[in-house]
Amino acid sequence: MIIAGHRGVKSVCPENTLVGIAKVAELSLPWVEIDVQLSADGVPVIIHDRTVNRCSNGRGKVGELTLEQLRELDAGSWFDAAFANERIPTLAEALALCQQLKLKLNLELKVYRGDNVEALCRAVAQQLADCQFASADLVLSSFEHQAMLLAKQLMPHYLRGQLWEGVPRNWQAQLQALDAYSAHCDWTHLSEAEARAIKQAGYQLYCYTANEPAKVRAHHQWGVDMLISDSPQAFINDREHDWLA
Ligand code: G3P
Ligand code: MG
């Protein structure tokens, strides 16, 4: 079972920051999940929400702020004053850090209503090409099926996963259309039958956001391959179960 850090290590670092990504490596975990969107001037940046309001000292929509405006913001103090120097990372910075720390990356293409999905995919494709990110070290995912279809077209050599809350009835058709590597869902929605069917069909199965080991022991038995967690330390320190085996 792979235990991955969600938005870095969200429980102990401000989410989607470089310090959060580095924390994953510090815990000796191999995978990190982060979210990417475009700034108003078309630069891919690492942030989850549609606005900067919750995770910085600024206000406004990510897609309506230029990179320069985004970079002025303090993306750490909202979490703890000790992180006051954190900035909203560019995708380029996040990719370089993953390469430096030898971290594998689940990059979530975060799409909100009205976003230009094609511009996002093209910009991400360009950044991945610029730093020659290893195709074995990246899984692209999105709740937005259209974004993943574009990813298939524009970045065909990178692995693709479809994100859902619960597994939909047409899961097989969606995964086939993407030529997908993985299926990603909320662990609270997943049934044993769904897990076993997805594994039987040959896909990797990733679950978010599992923070209490005792609640997902069964998922391990069902064949879930990766748990994405705000608190990966809880899995590392679980005395009842060897999650990393
Ligand atoms: O990629 C898994 C998980 O991050 C999806 O939900 O809202 O945390 O991006 P969210
Ligand atoms: Mg995410």
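This briefing describes the ligand sites, the largest pocket and the cavity of one protein structure. The model is a predicted one. The magnesium ion (ligand 2) is held by Glu33, Asp35 and Glu108, and each of Asp35 and Glu108 also has a side-chain polar atom paired with an oxygen atom of ligand 1. The protein buries 91% of the area that ligand 1 exposes when taken alone.

**Ligand 1**

- The residues surrounding ligand 1 are His6, Arg7, Glu33, Asp35, His48, Glu108, Lys110, Phe143, Leu163 and Tyr208.
- By class, this shell comprises five charged, three nonpolar and two polar residues.
- The side chain of His48 places an N or O atom 2.7 Å from an oxygen atom of ligand 1.
- For Glu108, a polar side-chain atom is likewise found 2.7 Å from an oxygen atom of ligand 1.
- The corresponding distance for the side chain of Asp35, from an N or O atom to an oxygen atom of the ligand, is 3.2 Å.
- In isolation, ligand 1 exposes 290 Å², of which the protein buries 91%.

**Magnesium ion (ligand 2)**

- Coordination of the magnesium ion is provided by Glu33 (OE), Asp35 (OD) and Glu108 (OE), at 1.9 to 2.2 Å.
- Along the chain, these donors follow the spacing E-x1-D-x72-E.
- Distant parts of the chain are thereby linked: Glu33 belongs to strand E2 (residues 31-38) and Glu108 to strand E4 (residues 104-109), with their positions 75 residues apart in the numbering.
- Glu33, Asp35 and Glu108 are also among the residues that surround ligand 1.

**Largest pocket**

- The largest pocket holds about 270 Å³ of space.
- Its lining consists of 18 residues, and those closest to the pocket centre are Leu38, Gly63, Gly114, Asp115 and Asn116.
- Two elements, E2 and helix H4 (117-130), each give two or more residues to this lining.
- H4 supplies the largest share, namely three residues.
- The lining divides by class into seven nonpolar, six charged and five polar residues.

**Cavity**

- One cavity of 30 Å³ or more is found in a search of the whole structure.
- The largest cavity contains about 60 Å³ of space.
- Glu15, Asn16, Thr17, Ile46, Ile47, His48, Cys55, Ala75, Ile88 and Pro89 line the largest cavity.
- Six of these lining residues are nonpolar, three are polar and one is charged.
- His48 lines the largest cavity and is also part of the shell around ligand 1.

Technical notes:
Residues numbered from 1 in each chain as written. Chains lettered and ligands numbered in written order. Predicted model: local features only at pLDDT ≥ 70, side-chain atom pairs only at ≥ 80, totals over all residues. Heavy atoms only, no water. 1 Å grid on protein atoms, 1.4 Å probe; cavity = no way out; pocket = protein on both sides within 12 Å on 5 of 7 lines; lining within 4 Å. Points joined across faces, edges and corners; volume = space filled by probe spheres on them. Nonpolar A, V, L, I, M, F, W, Y, C, P; charged D, E, K, R; others polar. Near = heavy atom within 4 Å. Polar contact = N/O pair within 3.5 Å; in protein donor to acceptor, adjacent residues only side chain to side chain. Areas by Shrake-Rupley, 256 points an atom, 1.4 Å probe, with all protein chains shown as cover. Donors = N, O, S within 2.8 Å, 3.2 Å for Na, K, Ca; no water. Helix = DSSP H or I, 4+ residues; strand = E, 2+ residues; numbered from the N terminus.
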